[in-house]
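Work through the exercises below with the sequence and the structure at hand. Each task is followed by a solution in steps.

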Amino acid sequence: MIKSNFNDYPLSSELLKAIGMLNFKSPTRVQEQVIPAVLKQKDIIVKSQTGSGKTAAFAIPICELVDWDENKPQALVLTPTRELAVQVKEDIFNIGRFKRLKVSAIFGKSPFYNQEKELKQKTHVVVGTPGRIIDHLERETFDISKIRYLVIDEADEMLNMGFIEQIETIITSLPKERVTILLSATIPKDIVALCTKYMKEPISVEIEEQNPAADRIWQERYSVNQKDKIQLLRDITIVENPDSCIIFCNTKQTVDDVYNELENLKYACGKIHGGMEQRDRLRVMNDFKKGYFRYMVATDVAARGIDIDDITLVINYDIPKDGESYVHRIGRTGRINREGRAITFVTENESKLLQDIHQYIGKEILLKERPGKETVNSSKQEFVEKINTTPEVKETKGAQLSKEIMKLHINAGKKTKMRPVDIVGTLCNIKGMTAEDIGIINIVDISTFVEILNNKGELAFRELQKTPIKGRLRKVSKVET
Ligand code: AMP
């Protein structure tokens with residue numbers, strides 16, 4: 001049965017509270033189909049675009065169904081890119097926040113040992129990219145014996161990236177008694193084969209976009225010589241003067257070149273491509289999401305699935321390689337039914353690519369005349385004013401949830417044999433606190449981190465200054481999150 005309110009589903013109060021604080025008023029169409037099916041433990045194939053609310057569609061029932069008391073991971077979510085793994089981890093963490101679920105992101109180009117340590121601790125959900133998950137399976141550092149839910153996200157992109165064999169390897173290692181959820185924008189035959197082989201009587205749902213990105217987004221193109229592209233980019237950014245803009249290039253080298261040009265011109269900008277250190281990629285993506293700078297120069301690593309609100313303009317500095325990647329790139333603007341703008345630069349010998357894109361989107365992108373000198377000059381003042389003002393910093397999606405949670409650091413950990421029960425015991429003895437007010441506890445070598453929920457952070461912090469933990473007074477401080 002289709003429900004139009006989250007309260008109508010059999011969901012715990014912890015989940016409903018998080019959903020409310022994330023400002024999800026009613027389920028999206030994909031959520032209406034997927035949440036009840038997964039709650040009933042059915043396998044499901046979901047054909048749906050990003051931006052449809054598909055992450056929450058699987059995250060909500062999985063967060064509901066996992067057993068908090070089980071220490072070993074119970075759900076595995078596979079994503080094609082590291083950035084997406086981090087984003088999906090955050091989405092699941094936010095939804096499971098008040099159920100105190102622990103979610104880990106496991107991906108390549110990131111220290112293996114830290115992940116190994118994280119996987120040894122209590123973890124309910126693991127989100128990861130296929131290669132690194134296989135590394136952990138081979139080295140037996142990821143216990144999959146209790147996995148009951150498998151999600152294959154952006155399956156068509158995994159196929160494009162050549163991950164299909166790795167996915168099969170992972171599937172065949174997992175316990176057979178499980179629910180499998182596959183999500184994909186398109187369902188090519190290799191994916192059908194995968195589903196037939198490894199899913200049990202899957203339900204298929206297809207969510208046609210009511211107002212697809214290609215219709216919602218105002219699209220234009222400019223004809224340009226390769227050597228004039230930078231000048232055109234300068235002129236277009238001056239005339240358009242966007243609040244927030246992604247500039248897509250086809251290669252790392254072009255990203256570096258365009259970024260350097262914009263830096264020289266004093267644009268506040270960032271860049272992201274596959275040749276950068278993973279740490280830097282994540283930091284830049286996060287800073288852009290928060291709105292620290294207006295311009296991001298990127299290869300397609302930023303095109304797929306990444307959810308950033310309020311991007312007003314996408315510029316294809318290089319025309320993308322096909323219609324599908326065109327739609328993914330322009331879909332970074334006009335999120336969740338908002339309107340957006342996309343501009344594509346096309347050089348003389350790219351008319352075949354342009355034709356393919358026109359065919360794919362079923363219409364012609366409007367050809368525009370380059371803005372003349374006068375137009376550019378008359379827009380300059382406003383443009384300069386904007387690039388000289390710092391953009392307004394946006395709240396992250398989970399910020400609202402974090403407001404009533406305080407994280408405390410206690411300077412004692414595994415080396416002094418600190419255990420969760422010592423922390424819980426001490427906190428529950430504080431007048432006005434119960435076990436319900438204690439969130440995730442993370443004990444490392446010489447430190448313990450504990451989250452205090454329900455606005456009780458100040459109380460716990462104050463009392464722990466004078467209350468011994470495990471027989472001794474400990475140094476307790478607040479952690480900035
Ligand atoms: P996704 O398709 O998973 O990339 O989600 C797109 C965006 O929709 C994300 O920013 C979600 O936080 C947001 N979202 C998911 N479910 C809902 C909902 N029921 N109501 C409003 N926004 C939602």
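**Exercise 1: a helix pair**

In this predicted model, the axes of helix α5 (residues 112-120) and helix α6 (residues 130-138) come within 12 Å and cross at roughly 70 degrees. Classify the arrangement of α5 and α6, give the handedness of their crossing and list the residues that make the contact.

Solution.
- Step 1. Angles of 65 to 115 degrees count as roughly perpendicular. The axes of α5 and α6 cross at roughly 70 degrees, which makes α5 roughly perpendicular to α6.
- Step 2. The α5 and α6 crossing is right-handed.
- Step 3. On the α5 side, Phe112, Gln115, Glu116 and Leu119 make the contact; on the α6 side, Arg132, Asp135 and His136 do.

**Exercise 2: aromatic pairs**

Count the aromatic pairs, then classify the pair formed by phenylalanine 6 and tyrosine 9.

Solution.
- Step 1. Rings pair if their centres lie within 6.5 Å, and by this rule there are five aromatic pairs.
- Step 2. For phenylalanine 6 and tyrosine 9, the ring centres are 6.4 Å apart and the planes stand at 55 degrees, so this pair is tilted. Planes under 30 degrees apart would count as stacked, and over 60 as edge-to-face.
- Step 3. Phenylalanine 6 and tyrosine 9 are both buried.
- Step 4. One aromatic cluster is formed by Tyr267, Tyr295 and Phe383.

**Exercise 3: charges over rings**

Which ring does arginine 139 lie over, and which ring does the charged end of lysine 229 sit over?

Solution.
- Step 1. Arginine 139 lies over the face of phenylalanine 112, at 3.8 Å from the ring centre. Phe112 is also one of the α5 residues in the contact with α6.
- Step 2. The charged end of lysine 229 is found over the ring of tyrosine 317, 5.2 Å from the centre of that ring.

**Exercise 4: positive phi**

Most residues other than glycine have a negative phi. Locate glutamine 41 and glutamate 201, give phi for glutamine 41 and for glutamate 201, and state the exposure of glutamine 41 and of glutamate 201.

Solution.
- Step 1. Glutamine 41 lies in the loop between α2 (29-39) and β1 (44-47). Its phi is positive, about 65 degrees, although glutamine 41 is not a glycine.
- Step 2. With a relative accessible area of 39%, glutamine 41 is partly exposed.
- Step 3. Glutamate 201 lies in the loop between α9 (189-198) and β7 (203-206). Glutamate 201, not a glycine either, has a positive phi of about 35 degrees.
- Step 4. Exposed means over 50% relative accessible area; glutamate 201 has 77% relative accessibility, so it counts as exposed.

Definitions and conventions
Residues numbered from 1 in each chain as written. Predicted model: local features only at pLDDT ≥ 70, side-chain atom pairs only at ≥ 80, totals over all residues. Heavy atoms only, no water. Phe/Tyr/Trp six-rings, centres within 6.5 Å; stacked < 30°, edge-to-face > 60°. Buried < 20%, exposed > 50% of the residue type's maximum accessible area, 1.4 Å probe, protein only. Lys NZ or Arg CZ within 6 Å of the ring centre and 35° of its normal. Axes fitted to C-alpha atoms, helices over the stretch in contact; angles between N-to-C directions. Helix = DSSP H or I, 4+ residues; strand = E, 2+ residues; numbered from the N terminus. Parallel < 35°, antiparallel > 145°, perpendicular 65-115°, else oblique. Left-handed = near helix turned anticlockwise from the far one by under 90°. Contact = heavy atoms within 4.5 Å.
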